[in-house]
Amino acid sequence: MAAKDLRQLGPSTWVMEGPTNIGFINTEEGVFLVDSGNGKEAGRQINKMLKKMEWTLCGVINTHSNADHIGGNDYLQRNLSCKIYAPAVEAAFTEHPELETAFLWGGKPVKDLENRFFKAVPSRVDHILTEKSQVAEGLTLHVLDGHFFNMMGIETCDQVLFLADALFGCKVLEKYRLPFIYDVGAFKASIARIQALPANWYVPSHGSIRSDIQELAQANLSVVENLETDILEIVTRAAHYDHILKAVCDRYGITLDYGQYALVGSTIRSFLSYLYNEEKLTYYFEDNLLYWKS
């Protein structure tokens with residue numbers, strides 16, 4: 001990445017735009033990153049940028065533990081001796097990345113999931129984050145869970161709000177159709193929370209930087225609401241999980257491989273749990289098959 005890829009959003013806040021947008025926050029303590037990208041190469045590019053700007057890296061704030069957000073941790077930690085900050089559950093996944101593939105698969109995962117897109121190199125978490133944590137002067141943490149267990153957003157003193165994966169960019173929604181969601185209710189609550197947070201700039205991890213977030217928030221909410229409606233329609237006649245998964249994928253034009261089976265399949269199960277807990281559908285067993293019905 002060249003220096004032109006570092007976009008300044010305020011006196012203390014920059015973003016390296018890419019597949020995963022990475023924040024650079026200049027504080028009195030030093031520079032803090034928001035996430036570290038996907039893998040060693042992302043760490044190398046971050047290091048080059050730090051040298052070019054003559055900045056000292058103080059720490060990496062991981063919004064959550066998906067591999068495309070913590071992939072550069074190990075390289076930066078080993079080469080620059082920086083501290084890693086992460087929320088509690090995300091810290092466990094960061095230090096033990098095998099938890100993510102096991103969680104997605106629901107058991108010992110197939111070897112096809114054992115790659116850098118799903119399983120990062122482990123890194124040591126030095127500080128556990130809560131919403132009240134004081135990482136550096138001028139930084140505010142916001143709970144934005146739903147996409148993953150206890151994801152957090154980061155707001156800088158320049159009123160730049162890093163959204164992590166609480167909202168996905170329009171191109172991502174168009175390409176993948178269904179974003180990964182762990183907790184549907186929390187995901188919807190985080191969208192509402194973001195809509196109420198004023199900022200000069202909003203930075204989704206996967207999407208364009210925006211000065212107004214309402215349109216993108218509504219686009220993400222519509223995806224969730226449409227999937228709820230589709231699942232309830234599919235299970236008007238009782239159906240078991242594989243039939244529901246197939247019906248959703250057929251409707252959305254999704255072709256499954258092992259990775260998509262894990263991601264889309266986990267998301268569908270989360271929606272079934274959410275709709276059941278909201279008493280919008282029920283289930284029963286017949287011939288050792290679990291059937292869902294609205």
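Visitor: How are the axes of helix α1 and helix α3 oriented to each other: parallel, perpendicular or oblique?
Guide: In this predicted model, the axes of α1 (residues 40–53) and α3 (residues 73–80) come within 7 Å and cross at roughly 45 degrees. Angles under 35 degrees count as roughly parallel, and 65 to 115 as roughly perpendicular. The two helices are therefore oblique.

Visitor: Into which classes do the residues of the contact of α1 with α3 divide?
Guide: From α1, the contact draws on K40, G43, R44, I46, N47 and L50, which meet Y75, L76 and L80 in α3. Gly counts among the polar residues in this division. The residues of the contact comprise five nonpolar, two polar and two charged.

Visitor: Which helix supplies the largest share of the largest nonpolar core?
Guide: This core has 44 residues, and L167, L227, I231, I244, V248, I268 and L272 have the most contacts inside it. At least two residues each come from β10 (160–164), α7 (184–195), α8 (214–234), α9 (241–252) and α10 (258–277). The largest share, eight residues, comes from α8.

Visitor: Which residues does I231 touch, leaving aside those up to four places away in sequence?
Guide: I231 is one of the residues with the most contacts inside the largest core. With residues up to four places away in sequence not counted, I231 touches V248, I268, F271, L272 and L275.

Visitor: Is S12 buried or exposed?
Guide: S12 lies in the loop between β1 (6–10) and β2 (13–16). Beyond four places in sequence, S12 touches F24, I25, N26, C157 and D158. Its relative accessibility is 17%, and the cut-off for burial is under 20%. S12 therefore counts as buried.

Notes
Residues are numbered from 1 along each chain as its sequence is written. This is a predicted model: local features need pLDDT of at least 70, side-chain atom pairs count only at pLDDT 80 or more; totals for chains, interfaces and linings use all residues. Side-chain values use heavy atoms; hydrogens and water are left out. Axes are lines fitted to C-alpha atoms, for helices over the stretch in contact, and angles run from 0 to 180 degrees between N-to-C directions. Helices (H or I, at least four residues) and strands (E, at least two) are DSSP runs, numbered from the N terminus. Angles under 35 degrees count as roughly parallel, over 145 as roughly antiparallel, 65 to 115 as roughly perpendicular and the rest as oblique. Contact means heavy atoms within 4.5 Å. A nonpolar core is a set of buried Ala, Val, Leu, Ile, Met, Phe, Trp, Tyr and Cys residues joined through side-chain atoms within 4.5 Å. Buried means under 20% relative accessible area, exposed over 50%, partly exposed in between (1.4 Å probe, protein chains only).
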